Amino acid sequence: MIIFENVSKFILNSVSIHVPQGETVGLIGASGAGKTTFLKLACGLLKPSNGRIYTMGLKPALEQKELCRGLGVLFADIPVLQKEDTVVGNFELLRSIYQINKDRFDQDYHELSDRLGFVLLSDRPVRDLSLGQRRRVEIGAALIHRPGLLLLDEPTAGLDENAKQAFYELIRERRREGLTTILTSHDMEEISKLCSRIALLDQGKHLYYGTEEQIKKRFTPMDTMQLEVEGRLPDLEDLPLVRYTVDENRLSLSYDSNCVTAAEIVKLVVQQTVIKKMKIRKPELADVIVRLKTNDKAENLSVDHEERE
Amino acid sequence: MFLKPYFAFAKKSFLGRSAYRFDHFMSILNTCLQIFIFWGIYQALYGGRSEVDGITMTMVSTSFILSMGLKAVFYVDDYFLPSKVWDGSIANEFLRPVSFRGRMLAENIGNAIFNVIFHFLPALLISVLLIGICPPESAGMTVCFLFSTILGYGVLWTISFAVQAAAFWAINIWSLATLKDVLINIFSGTMIPLWFMPEWIYEALKITPFPYIYFTPVQIYLGQLSYTEIAQQCMLQLIWILLIYLLGTLLFKKGQKKLVVQGG
């Protein structure tokens, strides 16, 4: 559905990604990592300085008009709706622009407005809507022509929890019908809930593209295990643990899940003692970003230090 | 049907105008006032004479009543494209499966149709009843007048389009739009019929697009041009439309490229 081959533009540097049809891909990375630039390149709003892009088999910057019939977009910094017009007036205009069949339009408008919660706002001018209300309408507007590809930049910014859940449900349903979605978000829980694949960008470089599990293993492999034991404390010196602290009968272990598994640790512990309580914490997706930022700061600090010397 | 979205744009702008009734009545009043002021000025300048240099007072009245009426019809929003460039929504327009220039034209035509029905015709009726104008020269000339009027609108629209396209490089096009309005007001024959211009200015103006906006249709209405001259004038109107449209498109494409390459 989308192919990036060694694409460079602004901060993006030689990014190569292939997004197959029907996937929901979360673009993550710290602010300024190049996420919005990626989306703008994918829809042709920007032209790559280097490399090649194919979106739905077309070159987006050159064949934008052919491309946009099957494309739904929502950018944080680009107004979508006519402020002076009513909500339903905006949708009627979209119906004409995309030449949507009246019955199908009525059915989809009813469904989207009901599920995203803007059914009571239909006759209100867009300028009178709050940020969250406008966002719901904008999401509906991006979906009304049933695009095959959806590019969303921070789609849930300003949405309340109900609207977020409705949005997730809609995207999941449309995915089953073949919709491909690429979205950016700083809400890692959202990415976890919604995305089948994750692309991690760091300062314009494409660090990783794959499943959530794999990304966590690669960038934050450190799991932690809290154990409360009955009887003597186990001897775990043979295990490649990163950190090991003891507080009375409680143990706190940090370990690299690429080197040792939780099962191996537990097996060794139960051979020596009885486990009363056990808690394992796997890293969250947010830890990836935090870790990348920390590494970044550390690198910058060491560079500063070297420069001063 | 590929024209369907453009009909929708025109309809939307037509209906949008009808929502502002007070604004609409004030516009009729404004046009009528302008016509009466000019009529008063020309009455004073004529000082009771029936004609000056072969131009009768009725011809002058007809000229400014038609010009000002058409000016009310020919309103083009010079800030349509600039406002979209400045708030960033132009990017969204590029992602629609319709031509943005087509949309601009359709919305302006919707406006113009509204103005013809609810602005031009009432103002014309009031002016005809109170001041009086020359009747059309013939049915044939009336058809030619209508055709030339549409082309005149085309000339005005393309000038506005080219000015608006400058917004890709400017943070404000007010000065450019004002300069354009001043040039059109003075050199298109709206305020001063071009018969009263010095000969050299009149000749010089013929190589500019301005007389082809209002003055050519008015001349046709008054029967001052033969059918051959009408054909020539209409051809010149078409040439100006093409030339200025090409210039505007060049600027628009360059501006679009600037957005795509530089990101803003």
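User: What percentage of the 309 residues of chain A counts as buried?
Analyst: This is a predicted model, where local features need pLDDT of at least 70, side-chain atom pairs count only at pLDDT 80 or more, and totals for chains, interfaces and linings use all residues; side-chain values use heavy atoms, with hydrogens and water left out. Residues are numbered from 1 along each chain as its sequence is written, while chains are lettered from A and ligands numbered from 1 in the order in which they are written. Buried means under 20% relative accessible area, exposed over 50%, and partly exposed in between, using a 1.4 Å probe and protein chains only. For the 309 residues of chain A, the buried part is 49%.

User: Which element gives the most residues to the largest nonpolar core?
Analyst: A nonpolar core is a set of buried Ala, Val, Leu, Ile, Met, Phe, Trp, Tyr and Cys residues joined through side-chain atoms within 4.5 Å. The largest one has 97 residues, and A:Phe4, A:Phe38, A:Leu151, A:Ile182 and B:Leu81 touch the most other members. Helices (H or I, at least four residues) and strands (E, at least two) are DSSP runs numbered from the N terminus. With 12 residues, the top contributor to this core is helix 7 (residues 139–165) of chain B.

User: How many residues are in the second, separate core?
Analyst: That core includes A:Leu129, A:Leu152, A:Phe167 and A:Leu194. The number of residues in it is 53.

User: Which strands are the edges of the open sheet with the order 2-1-4 in chain A?
Analyst: Two strands pair if DSSP finds at least two bridges between them. This sheet of 3 strands has antiparallel pairing, and strand 1 (residues 2–9) is joined to strand 2 by 5 bridges. An edge strand here pairs on one side only, and the two that do are strand 2 (12–19) and strand 4 (50–55) of chain A.

User: What angle does the direction of helix 1 of chain A make with that of strand 1?
Analyst: Helix 1 (residues 35–43) packs on the sheet and touches strand 1, strand 2 and strand 4 of chain A, where contact means heavy atoms within 4.5 Å. Axes are lines fitted to C-alpha atoms, for helices over the stretch in contact, and angles run from 0 to 180 degrees between N-to-C directions. By that reckoning, the helix and strand 1 of chain A make about 120°.

User: Which residue stands opposite A:Leu200 in strand 9 of chain A?
Analyst: Start with the open sheet of 6 strands in chain A, which has the order 5-6-7-3-8-9 and mixed pairing. In it, strand 8 (residues 197–202) and strand 9 run antiparallel and are joined by 5 bridges. Strand 9 (205–210) is one of the edge strands. The residue opposite A:Leu200 is A:Tyr208.

User: Why is the pair of B:Trp195 and B:Phe215 edge-to-face?
Analyst: Rings of Phe, Tyr and Trp (its six-membered ring) pair if their centres lie within 6.5 Å; planes under 30 degrees apart count as stacked, over 60 as edge-to-face and the rest as tilted. Here the centres are 5.4 Å apart and the planes stand at 65°, so the pair is edge-to-face. B:Trp195 lies in the loop between helix 8 (174–187) and helix 9 (199–205) of chain B, and B:Phe215 is in helix 10 (residues 215–221), 20 residues apart. In short, the class follows because the angle between the planes is 65°.

User: Is B:Phe196 buried or partly exposed?
Analyst: B:Phe196 also forms an edge-to-face pair with B:Trp195, at 6.5 Å centre to centre and 90° between the planes. B:Trp195 has 19% relative accessibility and counts as buried. With B:Phe196 at 28%, its class is partly exposed.

User: Over which ring does the charged end of B:Lys84 sit?
Analyst: A charge sits over a ring if NZ of Lys or CZ of Arg is within 6 Å of the ring centre and within 35 degrees of the ring normal. In chain A, the charged end of A:Arg95 sits over A:Phe105, 5.8 Å from the ring centre. For B:Lys84, at 5.4 Å from the centre, the ring is that of B:Phe80.

User: Is A:Glu248 buried or exposed?
Analyst: A:Glu248 has a positive phi near 55° and is not a glycine. Its place is the loop between strand 11 (241–247) and strand 12 (250–256) of chain A. At 65% relative accessibility, A:Glu248 is exposed.
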